[in-house]
Amino acid sequence: MTAMKAKRWLEGKVTRGQPDWRPMEGLAMPDLEVVLAEEGRILCRFVVPKHLSDGEGNWSAGAVATMIDDIAAASIVTRTHRIFVSVDFSISYFSTAVIEEEVEIEGRLVGEGKGKLRAVEVKIRRTGGGGELVALGRQWMRSVDVPQSKL
């Protein structure tokens, strides 16, 4: 049940910029397709739109970071009904994705610390060309109290 909630959260609220306190995601994640949502894991496909490109036609590093942050949170929501916020966030960029290129984004819950802490890893790969790694995000996230209506 929580995996489906994570799927609905990403597709219904986050990618459309709802609720009002998350409008940036509506811009950074339009038309995100959730391919698979299961406990501790979420898999998505995304075509990089023109408005998320830098001056050279590459997917903007800031937009990649926003994507990683939300996929990480959704990966945790697949196991629990709580929203998490980043307390430690690192990204390694290995290559670039360009306008109209399709990428695969996989988030996995990889560890649980004491109390409300969770560790997540998010990989972004090209769907063509052998699945070359574009970016790897690692996060420690902590749960926050969010009303159920926001999920």
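Reader: In which strand does Val87 lie?

Author: In this predicted model, Val87 lies in strand S3, which covers residues 83–93.

Reader: Why does Val87 count as exposed?

Author: The relative accessibility of Val87 is 51%, and because exposed means over 50%, Val87 counts as exposed.

Reader: Which residues make a nonpolar surface patch together with Val87?

Author: The patch, of about 310 Å², is made by Val87 with Val85, Leu117 and Trp140; the residues of such a patch must have over 30% relative accessible area, a cut-off that Val87 passes at 51%.

Reader: Turning to the interior, which residues of the largest nonpolar core touch the most other members?

Author: Of the 29 residues in that core, these are Phe46, Trp59, Ile71, Ile105 and Ile124, and they are called buried because each member of a nonpolar core must have under 20% relative accessible area. At least two residues of this core are supplied by each of strand S1 (33–38), strand S2 (41–47), helix H3 (61–77), strand S4 (102–112), strand S5 (117–126) and strand S6 (133–144), and H3 gives the most, with nine residues.

Reader: How many cavities of 30 Å³ or more are found, and what lines the largest cavity?

Author: A search of the whole structure finds one cavity of 30 Å³ or more, and the largest cavity has a volume of about 30 Å³. Its lining consists of Glu104, Ile105, Glu106, Lys123 and Arg125, where S4 and S5 each supply at least two residues and S4 has the largest share, with three residues.

Conventions
Residues numbered from 1 in each chain as written. Predicted model: local features only at pLDDT ≥ 70, side-chain atom pairs only at ≥ 80, totals over all residues. Heavy atoms only, no water. Patch = residues over 30% accessible without salt bridge, like charges linked within 9 Å, V, L, I, M, F, W, Y side chains within 5 Å. Areas by Shrake-Rupley, 256 points an atom, 1.4 Å probe, with all protein chains shown as cover. Salt bridge = Lys/Arg side-chain N within 4 Å of Asp/Glu carboxyl O. Helix = DSSP H or I, 4+ residues; strand = E, 2+ residues; numbered from the N terminus. Buried < 20%, exposed > 50% of the residue type's maximum accessible area, 1.4 Å probe, protein only. Core = buried A, V, L, I, M, F, W, Y, C linked by side-chain atoms within 4.5 Å. 1 Å grid on protein atoms, 1.4 Å probe; cavity = no way out; pocket = protein on both sides within 12 Å on 5 of 7 lines; lining within 4 Å. Points joined across faces, edges and corners; volume = space filled by probe spheres on them.
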